[in-house]
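Here is a friendly walk through one protein chain, going from its overall build to its sheet. Keep the 3D view open as you read.

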Amino acid sequence: MSILQDIKNAVRSRSIHVAYVDVGSCNGCDIEVLACLAPRYDIEQYGIYVHNNPREADVLLVIGSVTPQWVDKLRDIWDKIPEPKVAVAIGNCPISGCVYARRGTLTSPPVEKYIPIAAQVPGCPPRPTEILNAILSVAPLIYKDYEEKQL
Amino acid sequence: MKKSVDVSIPLGPMHPCWKEPVRLKCETAGERVLKTEMELGYMKKGIERIMRGRPWQEVMFLAERVCGICSVIHNMVFIETMEEISDIAVPPRAAYLRVVVNELDRMASHLIANFSYCYTIEHETLAMYLLNTREIVLDNLERITGSRINTAYMIPGGVRFDLLPEDAAAMLADLVKVEEEMKRYVRIFETGPLIALRSKGIGFMSHEEAIRAHTVGPTARASGVEDSDLRLRHPTYRALGFTQITRTEGDNFARNMVRFQEVFQSIDLIRKCIETLPEGPIRGGGLCKAGETSYAGEAPRGELTYTIKTDEYGRVVDIAIRTPSIMNIEACAHTMIKGATSIADVTSTFISSDPCVACNER
Amino acid sequence: MKFLYEKDLRQMKYNILTSTRHDETVRAIAQHLGVSNAKLRMVLIRRLDMSLLENLGSRWEMGLQHADDGDPLAEELGYELFTRFIPLVDTETMQTIYADTTAMTQDMPFNDAIARGKERIREAVLS
């Protein structure tokens, strides 16, 4: 509609800030997210910057099935992220609980009970390229014409 | 814990430097840390409770998912415990292939540990170099086992896949590349004046304190604890002529250097394995029986113990896992960080002990 | 919006203490001190932080191996065992108890003195 919106769309598609939160996984997915930083995958060439600060994040990567300590805190972190925001579930754990959703477990999956999830990347763990692909494909959908959608 | 000072600085659970959530409450006077208290429970999944009453075929996959970074050794120690309970012999070729895969996993784990340390002290160039080298190691792991992280390579009585000659050749070529790169990175780390300022003499742990907290692995070896590597007792490693690396400084620099040196040692061990790889079958077969035993192996972070009790169908009745990170994180929080002169050193000291919270809480 | 994140950790600490290995250790310590398991668990949960609780088993083992080498009185009382390896008693309190018990051994049989010293340690732990 407006030129301003077009500029905003163009800028936002090349500047995505990512925070990741581990809510109780085997940290296999964790290190696959870290592996995206490696020069081989080079997450920063797409304008994605990974740092763990929810206050300036656009995308929250949620890893793991939810442990007792995170039941109340996950929502707090989600509330701290400024709009527009999106949460992506990485791995099987946030979707179904993976191997931990058995009798005797302390976890309480899925993550969707606590915060809205926009995209899911199944896998135990997913490959870095799949994580990268998910972030790149979900972020523009949410941010495109964000201000106009609000009206 | 009773509050003795007025300033209490909490770090975590979400912190830019930490890969996994954990909360450290540092009680400080000015910048000096007087006491630390650790709050866990962010990763407690109750994996030992899930394992009880399940057949070993399931527990094998659960054991891997205790920790994603060192999943191969969890698999290996669990399988070797089951073999010890049921008297299953391993064919020599399979035993050597286990060592190859385990050492590749150890290299990947040490590289990511040193990556996190360099990232924490903001030496991003070296951190990225190390992360890229780790990808080469993971490529080889994937070529042999078919997966990057959770491999499920070992089973009672052998391994799943054979090592093809062309894969071995490709791995040896890759290892030459890794060794050359690593020599350069270690030189950067050893001689860098800024790295020395952030690492040397910081986070000191004495030999007695290392013993008191029962620290294991590179953390203990950096404090000069002799005979703290269980690979010295493993029959296959003994056949390969393994010797332990020990340093005496006991600071952040020593812990990272021990890990760097162990990467070179792993490369040598893999080469020796490929050279002397015996011919023969890779799977012997066997039946899992009833029994109870405790068995330990050397994980990248130190001694890993599984205590398992099984029934006659091979089901796990009771299991207790003691992972190396429990001791190392505890020693780090209560002795290394205590007396740190700056809050900035708390994060780097904590990362230098290679904390793996998923292991620690299971 | 709440600004403090302090949460009740007792249930999680109890979960740690009731796993197989830790339960064995708690029973061994309780027997050594002569207190009931439940009371010791309560004290442990109140005094120690979560990583120390996780590491209880290895610290206890190392304490039995390395603490108080050579001194029979210190070994019986657990002089280093309960101050450095498992910090349940303050160092100052332990020093007074140790000094008093050493004085007591002069004018009464060794075993009686030890029994009185242990009684005081039990009080210090449970207080």
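A residue is called buried if 20 or more other C-beta atoms lie within 10 Å of its own, exposed if 12 or fewer do, and partly exposed in between, with C-beta atoms placed from the backbone. By that count, buried residues make up 48% of the 151 residues in chain A.

This is a predicted model, in which local features need pLDDT of at least 70 and side-chain atom pairs count only at pLDDT 80 or more, while totals for chains, interfaces and linings use all residues. Residues are numbered from 1 along each chain as its sequence is written, and chains are lettered from A and ligands numbered from 1 in the order in which they are written.

Chain A has 6 helices and 5 strands; these are DSSP runs numbered from the N terminus, with at least four residues (H or I) for a helix and at least two (E) for a strand. Along the sequence they follow the pattern α-β-α-β-β-α-β-α-β-α-α.

Now to the sheet. The 5 strands of chain A form an open sheet in the order β2-β1-β3-β4-β5, with parallel pairing; two strands pair if DSSP finds at least two bridges between them. Each edge strand pairs on one side only:

| Edge strand (chain A) | Residues |
|---|---|
| β2 | 48-50 |
| β5 | 119-121 |

Inside the sheet, β3 (residues 59-63) and β4 (residues 86-90) of chain A pair in the parallel sense over 5 bridges. Here Ile63(A) stands opposite Ile90(A) in β4(A).
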